[in-house]
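Visitor: I'm new to reading protein models. Could you walk me through this one?

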Amino acid sequence: MDFISKTPLFRGCTEEDILNMAKHLDFRTDRYKKGDTILSAGSIVTDIGLVLSGSVRIEYTDLWGNKSILGITPAGGVFAESYACIPNEPLMIDAVANEDCHILSISVPKLFTPCPVCGSQNKLIQNLVIISAEKNLQLSRRSMHTSPKTIRERLFSYFSQQVSAQRSNKIVIPFDRQQLADYLNLDRSALSKELGKMRNDGLIEFNKNTFLIKTDI
């Protein structure tokens with residue numbers, strides 16, 4: 001309960017508030033193994049997913065099987081909130097366990113139904129609006145990273161944003177190579193080859209998902 005009260009979704013709510021909301025909002029927890037599909041494209045959802053531990057990968061797959069990673073939801077983050085807030089809107093994405101994870105599901109229809117006991121529902125709704133706005137910014141950043149024509153320019157864009165966000169030239173990214181390629185809409189082998197060239201050119205050093213940016217980009 002202490003962890004839940006510290007998440008952005010429950011910011012400003014006491015543990016007593018959360019306990020009162022738990023009954024009205026139909027709290028339910030489930031565990032998933034790495035690689036398990038939590039939500040599938042085409043399904044209708046009415047619950048928000050709050051990640052209690054582990055992380056969730058948000059993927060989009062087109063009709064030809066081409067996969068793009070839209071983002072990673074870490075512990076404390078939420079997913080499927082936009083679809084849950086729009087009645088009968090089919091999911092366009094898959095939510096996949098990026099690692100073993102523990103998920104709390106929260107009923108959105110119940111969230112918008114007044115409850116005399118749950119005095120903190122308005123706080124939850126306000127927090128949800130803020131989270132949705134932040135998600136829109138994340139999608140805008142991804143569009144910015146994938147718009148350049150060359151692989152190096154896309155990497156420059158992504159690394160620049162990460163350096164700014166982490167306030168350090170030594171950054172840790174949430175993707176492995178395949179996931180980074182999917183996120184930037186690139187072929188994995190071409191991405192790996194370009195990373196090698198950038199290292200040879202003295203622009204970066206890296207070990208797995210830790211990168212040292214060696215020049216202003």
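Guide: Happy to! This is a predicted model. Let's begin with Asp187, whose relative accessible area is 46%.

Visitor: Is Asp187 buried, exposed or partly exposed?
Guide: Buried means under 20% relative accessible area and exposed means over 50%. Asp187 has a value of 46%, so the label that fits is partly exposed.

Visitor: Where does Asp187 lie?
Guide: Look for two helices, α7 (177-183) and α8 (188-200). Asp187 lies in the loop between α7 and α8.

Visitor: Which backbone nitrogen does the side chain of Asp187 reach?
Guide: The side chain of Asp187 also has a partner side chain, that of Ser189, in a polar contact of 2.4 Å. As for the backbone, the distance to the nitrogen is 3.0 Å, and the residue is Ala190.

Visitor: How far apart in space are Asp187 and Arg177?
Guide: Along the sequence, 10 residues separate Asp187 from Arg177. In space, going from C-alpha to C-alpha, the distance is 10.0 Å.

Visitor: How many residues are in the largest nonpolar core?
Guide: Try finding Leu9, Phe10, Ile38, Leu39, Val56 and Phe79, which touch the most other members. Phe10, for instance, has contacts that include Ile4, Met21, Phe27 and Leu124. The residue count of this largest core is 34.

Visitor: And how many residues are in the other core?
Guide: That core lies apart from the largest one, and its members include Ile69, Ala181, Leu184 and Leu191. Its count is 21.

Visitor: Is Cys101 buried or exposed?
Guide: The cut-off for buried is under 20% relative accessible area. Cys101 has a relative accessibility of 3%, so Cys101 counts as buried.

How values were computed
Residues are numbered from 1 along each chain as its sequence is written. This is a predicted model: local features need pLDDT of at least 70, side-chain atom pairs count only at pLDDT 80 or more; totals for chains, interfaces and linings use all residues. Side-chain values use heavy atoms; hydrogens and water are left out. A nonpolar core is a set of buried Ala, Val, Leu, Ile, Met, Phe, Trp, Tyr and Cys residues joined through side-chain atoms within 4.5 Å. Buried means under 20% relative accessible area, exposed over 50%, partly exposed in between (1.4 Å probe, protein chains only). Contact means heavy atoms within 4.5 Å. Helices (H or I, at least four residues) and strands (E, at least two) are DSSP runs, numbered from the N terminus. A polar contact is a pair of N or O atoms within 3.5 Å; within protein, one must be able to donate a hydrogen and the other to accept it, and residues adjacent in sequence count only if both atoms are side-chain atoms. Lists of a residue's contacts leave out its neighbours within four places in sequence.
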